[in-house]
Amino acid sequence: YFGEQNQFNLFNFTHWAYIDKLVWFGGTASQSIQLPSSPWVNAAHKNGVKVFGNVFFAPAAFGGSTATLTNFLEQDGGGNFVAVPKMIAMMQYYNFDGWFINEETATNATTAALMQDFVRDLTTQAEALGKEVIWYDAMRLNGAVGWQNRLTLNNSPFVQDDQDANGTFETRVSSSIFINFFWSGTTYPTASRT
């Protein structure tokens, strides 16, 4: 349904005590940014739950394209991402707690590296305001989409990057990562922890 609703929402979520973060998820290949509805943000905050807007880049099978991604990652003459200050302004104006970046468009290594830089810049500015940026376990630095279902060297560069001589990642890229959930048992969670 497009447009305003004349009531809070047809679905009244009543389990706030069981969550600490709510990602406002939805969208299509042509609607990359989804802003959480103010009544939901207000209800979540009254219950101590953080709410995240969503940036979604669809898989190619559903209309996603490198062109959409590179347009979003536009930089000005100084190398600053044009979308970052706008996303910070939206987050502040609508009073939500950060962004969930769900990049599922298969692309190339150049665009993936640009996305990593974008996430780093957005995270730096968001965290300075006490907000967060969550990266979703989908795209890897080579540009391929491959859900790892655990923390690995393929997805960890979107959380921390730039290894020192001891192999320790030093530079923060995102506040956290949401690991894809195609697992059962404890093998993948244990591998992530390790």
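Is Asn 149 buried or exposed? I looked it up: Asn 149 has 11% relative accessibility, so it counts as buried (under 20% relative accessible area is buried, over 50% exposed, in between partly exposed, with a 1.4 Å probe and protein chains only).

**Ground rules.** I'm working with a predicted model, where local features need pLDDT of at least 70, side-chain atom pairs count only at pLDDT 80 or more, and totals for chains, interfaces and linings use all residues. I count residues from 1 along each chain as its sequence is written, and side-chain values use heavy atoms, with hydrogens and water left out.

**Two odd asparagines.** I checked phi next. Most residues other than glycine have a negative phi. Asn 149 has a positive one of about 65°, and I found it in the loop between β5 (132-136) and β6 (160-163). (Helices are DSSP runs of H or I with at least four residues, strands are runs of E with at least two, and both are numbered from the N terminus.) Asn 95 also has a positive phi, near 60°. Asn 95 sits in the loop between α3 (83-93) and β4 (98-103), and its 40% relative accessibility is why I wrote it down as partly exposed.

**Strand β3.** I went through residues 50-57 and noted that seven of the eight are buried. Then I listed the partners of β3 (two strands pair if DSSP finds at least two bridges between them):
- β1 (residues 21-23) runs parallel to β3, with three bridges; Leu 22 is matched with Val 51.
- β2 (residues 33-34) is antiparallel to β3, with two bridges; Gln 34 is matched with Asn 54.
- β4 is parallel to β3, with five bridges; Trp 99 of β4 is opposite Gly 53.

**Helix α4.** I followed its 20 residues, 109-128, over 29 Å from first C-alpha to last, close to the expected 28 Å (1.5 Å times one less than the number of residues). At the N-terminal end I found Asn 108 as a cap, with a side-chain oxygen 3.2 Å from the backbone nitrogen of Thr 110. The buried residues of α4 include Met 115, Phe 118 and Leu 122. Just past the helix, Gly 130 has a positive phi of about 80°.

**Last stop.** I looked at Phe 181, which is in the loop between β8 (176-178) and α5 (187-193). Together with Phe 178, Phe 182 and Trp 183, Phe 181 makes a nonpolar surface patch with about 470 Å² of accessible area.

How values were computed
A polar contact is a pair of N or O atoms within 3.5 Å; within protein, one must be able to donate a hydrogen and the other to accept it, and residues adjacent in sequence count only if both atoms are side-chain atoms. Patches are made of residues with over 30% relative accessible area and no salt bridge: like charges are joined within 9 Å, nonpolar side chains (Val, Leu, Ile, Met, Phe, Trp, Tyr) within 5 Å. Accessible areas come from the Shrake-Rupley method with a 1.4 Å probe; for residues, only the protein chains shown count as cover. A salt bridge is a side-chain nitrogen of Lys or Arg within 4 Å of a carboxyl oxygen of Asp or Glu.
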